[in-house]
Amino acid sequence: MLPTTTYRTAAFVEAARQIGVELTVASEQRSTLEAANPAGLLTLDFEQPERAADAVRVFAKQYPVNGVVGVDDKTAIVAAAVATRLTLKGNPVHAAIAASDKYLQRELLAKAAVPIPRFLLRSLEDDPATIAQSISYPCVVKPVRLSGSRGVIRANNPQSFLSARERLRAILAEPETAAACGDRARQYLIEEFIPGCEVALEGLVVNRRLHVLAIFDKPDPLDGPFFEETIYVTPSTVPAGVQSAIEQCAERAVRAIGITEGPVHAELRYNERGPWLIELAARPIGGRCSAVLRFGDQKVSLEELILRHALGVPLPSLQRERQAAGVMMIPIPGAGRLQEVRGIAAAKAVPLIEDVQITAHPGERLVPFPEGSRYPGFIFARGEEPRLVEAALRHAHRELRFVMDTA
């Protein structure tokens, strides 16, 4: 299940080629090549998972389907519906929905006593001034069904809460956003702000058991007011005991939500009180960040692991390669239309840098956080130590110059 806006298509197509399986790419928009390749291209309504599952059941009568994978929150729900309908390896639909709905997820995690921030669900119809005077600070205002830190804003006092709520209201009022969020477009979460360091955990759930594939450090502080992510580096330099507690917290969350099979991506914080589960998604890491992960002696990609698991074929080693690796999601340089990016060759020439990929195209309008969520590109590095990888990513980023038309 590959939405037309995803960065993941090439990686999954290559993974399918590596293991020699036939791949059907399902998307929400019809391809002009679909008629010429009816077994390889399929159009589905991702907004209606059960309808999509019915369409795949009909498709599978002519072109048998042996596995299904969703790559983002929405397609993870569709994939769960398809897996249920065709009796394939996958998650229950209710678990996929809970993983994509922050409020449902919080309810399940709280019931299972997983450490999470205190939270409230509020409607945009509720009086904001009354809410502002009744909550504790600092807090975080966030949408229920958006991802990638879009619309996530820290508020330190009643005045900043009112400003944050208004910005989020405007984001949720955008037609595409409202359609994506459905009934949740008129609601939002207010959460306790958890101080501390943040990590990301990449995992694969096999027969209800979480296998931790990597823990990423996030060396840049994520204290707000917005939460644009930048650098991920693995292996983590967090003490082993803390890493073990982080893994246990994520495993408890997987069980609480009901995830039984497939990739998971979790965001956690830790402080003197231990780890806190911030988000858990039933999908792999987003953007092109998966390129930093390679497993076993054959340096198998994350996408290959995911496809092999979905097909029920033997998995290679789940042990990440020995070298440290990292990715920088290039910070959005400001609001405006991108004209060009200079210094790419110099950035690629920095020692330990493997690649610099600019995904924004000339003429594209860049929108900073919290309204935006699409990064203009990615920088990848690999080396002997995490600190050297981090330094290389920062050096390469300094070589880049974004020329913007802000008029």
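Biologist: What makes S15 and strand S19 (residues 401–405) a pair?

Modeller: Two strands pair if DSSP finds at least two bridges between them. S15 and S19 are joined in the antiparallel sense over 5 bridges, so they satisfy the definition. One of the partners across them is Val403 in S19, which stands opposite Glu340. The model is a predicted one, in which local features need pLDDT of at least 70, side-chain atom pairs count only at pLDDT 80 or more, and totals for chains, interfaces and linings use all residues. Residues are numbered from 1 along each chain as its sequence is written, and side-chain values use heavy atoms, with hydrogens and water left out.

Biologist: Why is S17 (residues 365–366) called a strand that pairs with S15 (residues 336–342)?

Modeller: A strand is a DSSP run of E with at least two residues, numbered from the N terminus. S17 covers residues 365–366, and therefore qualifies as a strand. S15 and S17 pair in the antiparallel sense over 2 bridges. Gly336 has Leu366 in S17 opposite.

Biologist: What makes the second largest space, about 30 Å³, a cavity?

Modeller: On a 1 Å grid over the protein atoms alone, a cavity is a set of points where a 1.4 Å probe fits but cannot get out, and lining residues have an atom within 4 Å of a point. A volume is the space filled by probe spheres set on the points, which are joined across faces, edges and corners. The lining of the second largest cavity includes Lys218, Pro219 and Tyr232.

How values were computed. On a 1 Å grid over the protein atoms alone, a cavity is a set of points where a 1.4 Å probe fits but cannot get out, and a pocket is an open set with protein on both sides within 12 Å along at least five of seven lines; lining residues have an atom within 4 Å of a point. Helices (H or I, at least four residues) and strands (E, at least two) are DSSP runs, numbered from the N terminus.
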